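Me: Could you take a close look at the salt bridges in this one for me? I'd like to know who pairs with whom and how buried the partners are.

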Protein chains: 2
Amino acid sequence: MGTTQLESVPEPKYWHLKTVLSEALDSEFSVGEILPNERDLAARFGVARATLRQALEQLELEGRLQRRRGVGTTVAPPRMGVAVGTELHVWPGAPGDAWQPVDCVTEVPAAAVAAALETGADEPVHTVRRSRVTHGQRVAAELLHIPAASVPDLSGIDAPAGVARARAVLRELQRLELEGRDSAVELGSARADDAKELDRLPGAPVLVVTTRYLAAGRTAALSVATYRADTCRLTFGDSGNVEIHEDPHRHAS
Amino acid sequence: MGTTQLESVPEPKYWHLKTVLSEALDSEFSVGEILPNERDLAARFGVARATLRQALEQLELEGRLQRRRGVGTTVAPPRMGVAVGTELHVWPGAPGDAWQPVDCVTEVPAAAVAAALETGADEPVHTVRRSRVTHGQRVAAELLHIPAASVPDLSGIDAPAGVARARAVLRELQRLELEGRDSAVELGSARADDAKELDRLPGAPVLVVTTRYLAAGRTAALSVATYRADTCRLTFGDSGNVEIHEDPHRHAS
């Protein structure tokens, strides 16, 4: 018992290298600086390329490094805090919403979306695509699924497609009384279209926030938002951000 | 505009294979079943081993597959919803808390933790290690940092170490009036000791939830909780879980 339990687990070689590299990033490199190539780094630290690559992958997962095609590996800035507050009990598209509508399609959705919305097998659903920009950077992409039954008075005449259609759907949604919302966060991988929009490679790790908006006892809208996991820290709560930019894992390691 | 924007991005080969594999998992395999080895799978789908491996990695990120040392690759059960509600304005260790204390150490913490707590350079901090079990599975490990100043009346005599010490620290914490809390979720990689506790390999992707508890205008406690990203979906809000077990990304892909 006592202190030994925190210290007694042996760490693999790449893990030790990760710690050493992390300290080198702090002391020798500045944000945005390009790292030497893998061959030079492996030679400098006296490790195999495979070990080096594992350590670099860890640092990328933790948001310390960014790898971009055609640029190389650079030192990442601290992750941005992006508010995903659950206290904001308003509909998507209400004033102050951080998301910008991009597009809208209306069709029968995939089975999983229909099941989550509890819509019938042939019921059409409006899917609004939206984009979120923070500090000048596109940080998230969203598909907002709204069953046709949630916006029965929507007219197809004045805004048949595109961003105007998206705005019309969101405007109609405001007419409902919002009864509550709940959210879930999980790890996912970037779909090709999201990846392109977020300037990432397809399959890059992302944080997927699924939010269900409830009205009249049913799911009136379902948002599936994909956040860049490399640059974003999702913040919840009512009193500002948790300010712990350095790796909080270093303690006891 | 219109529908084309959602459909026009070409997808890489492993991405297509991922979709095909995902359908095969649905139709041919049951939860817990072990997949054929990589050589056989690559032959069956007519792809290179490297392409197969990329597709398997994606499915692991998305929680469809689990890879365990000595077992192989198995079909994962749906992710568990684990509540991380921000509406629960109570101290850690209060009745109903889902976490079990394991251990406690008192020492001057790492610089990043001291900075987040705004403690002085030499101020000791109690670090309580806790564990969270859901549906019989250990899903998360936590380090809860509590500055000595938050629990000034703590006596070292009756519980000098271990789980009894952890309980004594938490009990003292309850004396303060909780003014608020905020949380942040980000992607991380499992530290060796957490990995062992969570039955994962070191460096496995994890969801790190950092929560700051405020009292008397300062940070009275800081929790850094590490959740298994493969099996957990973190839920927020007041009206039950978002029930979308199937990959919500399939829509429009």
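**Salt bridges up close**

Reply: Let's start with R67(A), which is partly exposed, at a relative accessible area of 27%. Keep in mind that this is a predicted model. R67(A) pairs up with E60(A) in a salt bridge, and the closest N and O atoms sit 3.1 Å apart. E60(A) has a relative accessible area of 18%, so it counts as buried, the cut-off being under 20%.

Next up in chain A is the salt bridge between D194(A) and R129(A), at 3.3 Å from N to O. This one ties together distant parts of the chain: D194(A) belongs to helix 7 and R129(A) to strand 5 (residues 125-134), 65 residues apart. Both ends are tucked away: D194(A) is buried at 3% relative accessible area, and R129(A) is buried too, at 4%.

Over in chain B, R44(B) and E28(B) make a salt bridge of 2.9 Å, N to O. Here helix 3 (residues 38-45) supplies R44(B) and helix 2 (residues 13-28) supplies E28(B), with the two positions 16 residues apart. Neither partner is buried: R44(B) is partly exposed at 46%, and E28(B) is partly exposed at 43%.

Chain B also has a network, in which salt bridges with shared partners join R129(B), R138(B), R191(B), D193(B), D194(B) and E197(B). For the overall tally, the whole structure holds 37 salt bridges over all chains.

Conventions:
Residues are numbered from 1 along each chain as its sequence is written. Chains are lettered from A and ligands numbered from 1 in the order in which they are written. This is a predicted model: local features need pLDDT of at least 70, side-chain atom pairs count only at pLDDT 80 or more; totals for chains, interfaces and linings use all residues. Side-chain values use heavy atoms; hydrogens and water are left out. A salt bridge is a side-chain nitrogen of Lys or Arg within 4 Å of a carboxyl oxygen of Asp or Glu. Buried means under 20% relative accessible area, exposed over 50%, partly exposed in between (1.4 Å probe, protein chains only). Helices (H or I, at least four residues) and strands (E, at least two) are DSSP runs, numbered from the N terminus.
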